[in-house]
Amino acid sequence: MSVDVATTGEPIATPSGFQKVRTWFANPWGKPRFLKLFMWLYLLWSLVPVLIAIQFGFNDGRSRTAWQGFSFLWYTGDPDLSVWHDPSLRSALFQTLKLAGATMFIATPIGVALAIGLARWRGRGSKPANFLMLFPLITPEIVLGVALFLVFAYLFQVVDLGTVAQILGHITFTISYVVIIVRGRLFAIGREYEEAARDLGASAAQALRLVLLPMLAPAIWACLAIAFAISIDDFVISYFLKGGAATETIPTKLYSGLRLAPSPALNAIATILLVLSMLAITAAALFLNRLRKREGTKGSAIEELARLDI
Amino acid sequence: MSGTSEGYSRRRWVWPAFAAPGIIWLVVLFLVPFYAILAVAMGRMDPIFNLGEPVWNPIQWNPGIFGEVMGEIFGGQLGVIFLRTIIYVAIASLLSLLIGYPVAYFLSRHAGKRKVLYLLLILAPFWINYLMRMLAWVNLLEVDGYVNDALMFMGLLDAPRNWLGGNSETVVLGLAYGYVPFLILPLFAALDRIDSSAIQAARDLGASPFRAFLHVTLPLSRQGILAGMVIVMLPMFGDYYTNNLLSRSPRTRMIGNEIEFFVTTTGGGARGAALTLILMAFVAILMIYYLVSVSRASKEAAA
């Protein structure tokens with residue numbers, strides 16, 4: 001039996017202003033005004049400081065706190081201190097790109113192979129291997145940074161601290177991200193296509209090359225882009241493994257510059273880094289979107305990126 | 001059919017061979033470096049140069065420096081730093097939860113058609129460099145910066161305040177600002193998985209929206225809350241840069257600062273390594289909890 005609320009006999013009238021306020025207090029969750037306001041306050045708090053920082057990269061003067069007009073002074077204009085003319089900033093930009101380029105082309109194939117191997121391998125050893133793969137994702141960066149610093153300083157002394165050590169370090173923590181992304185695709189694809197190809201007479205290698213890899217291709221492109229983004233974003237590993245001024249990256253340069261000699265040129269080079277990141281992530285999202293369209297999944301790649309549980 | 005399927009699995013070495021390069025990489029550049037921390041922390045001191053030297057054979061390990069560091073933690077300067085770190089991380093992660101929960105809740109329940117836009121804006125901080133986000137606040141918090149301007153304009157301050165001169169509040173808020181996006185995502189994923197018919201059922205049975213939230217949504221999102229808290233606490237415990245950029249004073253030193261200082265100082269390697277080990281042991285509980293809860297969640301998702 002259902003209880004009808006309307007039978008309580010109260011006359012239905014248009015609510016007065018007072019009643020509106022009362023019902024609103026009784027049930028502010030009816031329409032989530034509080035929550036929506038909170039969300040927008042959060043977004044403002046989270047993003048406006050960065051927008052102001054971008055703005056000051058275009059400041060027409062030395063100040064980082066007072067706006068003096070728009071210019072490209074700190075990008076190219078100043079003959080000594082702009083990003084383009086200050087050798088330390090320019091070398092930081094190129095070092096960042098160098099590390100990211102090497103990282104994405106080495107970490108992606110290793111990670112893709114590891115993901116395929118772990119997804120198909122059912123023997124002893126596959127479980128520990130899975131755990132080993134997860135650890136770099138949750139180890140505090142400072143611990144990995146110290147570990148790599150000590151191992152290059154004391155054990156692998158053939159590798160000097162500097163570019164090579166930095167690349168090796170970046171690859172180490174990027175592999176796991178590649179595995180996570182590809183593994184998700186492999187679960188979605190399942191084994192049916194490969195087995196069908198095998199039933200039709202393809203060898204294991206052919207099934208992999210002609211069926212699985214083409215299906216994974218967009219995810220692999222996305223991995224390249226994400227590996228690039230992860231590498232240029234890294235601070236701690238680059239910091240512990242740098243060997244002198246020539247191997248500073250943009251993030252390590254932001255750190256030392258802010259502590260020693262802050263200038264709007266730092267805002268400018270940070271903005272360049274931001275643009276590079278956004279380009280890489282947009283590329284990754286487009287690749288993932290293409291994959292979703294092909295599979296007819298609803299929603300957008302953005303949601304998928306957000307649900308990427310480690 | 002079964003014949004091919006058997007043939008498929010006969011060559012057992014194929015899949016391990018695919019995994020091999022990655023596994024070898026992680027053993028050589030992840031596990032071995034961890035062993036190096038142990039070997040350096042338990043190493044011997046070179047008496048002439050006063051430099052630490054690693055000892056690779058566990059039988060010859062010398063826990064001298066380790067004991068020294070432990071002694072300073074229980075009843076020395078290091079103890080104060082450990083305690084401070086725990087307090088900072090506790091407040092900053094709770095603050096992150098208080099800020100992150102409503103955001104994740106709104107996103108999963110009420111975002112509607114704009115969900116993708118909101119997600120895009122919430123994901124943005126992930127791809128804005130952490131150092132740039134700190135740089136933004138350093139600029140705002142300078143004595144003649146916008147924060148002091150705004151607070152004085154509103155009459156909340158009479159004179160400009162030096163926010164960057166070693167304030168605990170600045171560091172804690174900086175940590176919360178830096179890591180809160182990392183908490184929102186797992187929380188959003190957990191809230192999004194909750195079947196809305198469970199909440200609807202509670203409402204139909206007469207629960208007020210608040211009670212429905214308290215007795216249905218909140219317990220069902222427990223997993224997400226804990227996972228999110230762990231995800232922000234792990235990097236906070238090892239953070240040294242937030243502190244160094246926002247405080248410029250030893251009054252707010254954390255464990256991460258100690259580790260960074262000793263490891264990068266000549267002769268401090270062993271102390272730095274010992275501190276890193278202690279930090280590891282400290283956060284290991286959190287890490288294992290997280291791994292177990294993730295594997296449980298993925299098993300549930302597969303079932």
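Two residues are taken to be in contact if their C-beta atoms, placed from the backbone, lie within 7 Å. With that rule in hand, B:Ala41 makes a good starting point: leaving aside neighbours within four places in sequence, B:Ala41 is in contact with B:Ile65, B:Phe66, B:Ala270, B:Ala273, B:Ala274 and B:Leu277. The model is a predicted one, in which local features need pLDDT of at least 70 and side-chain atom pairs count only at pLDDT 80 or more, while totals for chains, interfaces and linings use all residues. Residues are numbered from 1 along each chain as its sequence is written, and chains are lettered from A and ligands numbered from 1 in the order in which they are written.

Chain A holds 13 helices and zero strands, where helices (H or I, at least four residues) and strands (E, at least two) are DSSP runs numbered from the N terminus. Chain B has 14 helices and two strands. A residue is called buried if 20 or more other C-beta atoms lie within 10 Å of its own, exposed if 12 or fewer, and partly exposed in between, with C-beta atoms placed from the backbone. Chain A has 310 residues, of which 43% count as buried; for the 303 residues of chain B, the buried share is 43%. Among contacts between residues at least 6 apart in sequence, 71% in chain A join residues at least 24 apart, and the corresponding figure in chain B is 67%.

The C-alpha trace of chain B spans about 85 × 75 × 35 Å along its principal axes. Its radius of gyration is 25 Å, whereas a compact globule of 303 residues would have one near 19 Å; the radius is taken over C-alpha atoms, and the globule rule is 2.2 Å times the number of residues to the power 0.38.

An automatic or database domain assignment divides chain B into domain 1 (13-62) and domain 2 (74-119 + 168-302). The centres of domain 1 and domain 2 of chain B, taken over C-alpha atoms, are separated by 30 Å. Eight residues from domain 1 of chain B and seven residues from domain 2 of chain B take part in the contact. On the side of domain 1 of chain B that touches domain 2, helix H2 (residues 14-41) of chain B gives the most, with four residues. That side of domain 1 divides into five nonpolar, three polar and no charged residues. Here Ala, Val, Leu, Ile, Met, Phe, Trp, Tyr, Cys and Pro count as nonpolar, Asp, Glu, Lys and Arg as charged, and the others, Gly among them, as polar.

The two chains also meet: 79 residues of chain A are in contact with 82 residues of chain B. Helix H2 (residues 33-57) of chain A supplies the largest share of the chain A side, 13 residues. By residue type, this side of chain A comprises 56 nonpolar, 11 polar and 12 charged residues.

A nonpolar core is a set of buried Ala, Val, Leu, Ile, Met, Phe, Trp, Tyr and Cys residues joined through C-beta atoms within 7 Å. The largest such core has 172 residues, and those touching the most other members are A:Val146, A:Val178, B:Ile37, B:Ala41, B:Met132 and B:Leu135. This core draws at least three residues from each of domain 1 and domain 2 of chain B.

Two contact partners of B:Ala41, B:Ile65 and B:Phe66, lead to helix H3 (residues 64-73) of chain B, whose buried residues are B:Ile65, B:Phe66 and B:Val69. These cover an arc of only 105 degrees around the axis, which puts them on the same side of H3(B); the arc is that of the directions from the helix axis to the C-beta atoms. An α-helix has 3.6 residues a turn, so residues three or four places apart point the same way. On the other side of H3(B), B:Gly67 and B:Gly71 are exposed. After H3(B) comes B:Gly75, with a positive phi near 105 degrees.

Helix H9 (residues 204-233) of chain A includes A:Leu210, and A:Ala225 lies in H9 of chain A as well. A:Leu210 counts as partly exposed because 13 C-beta neighbours lie inside 10 Å, whereas A:Ala225 has 21 and therefore counts as buried. Leaving aside neighbours within four places in sequence, A:Leu210 is in contact with A:Ala197 and A:Ala202, and A:Ala225 with A:Ala280, A:Ala283, A:Ala284 and A:Phe287. A:Ala225 and A:Ala283 are 58 residues apart in sequence and 6.5 Å apart in space, C-alpha to C-alpha.
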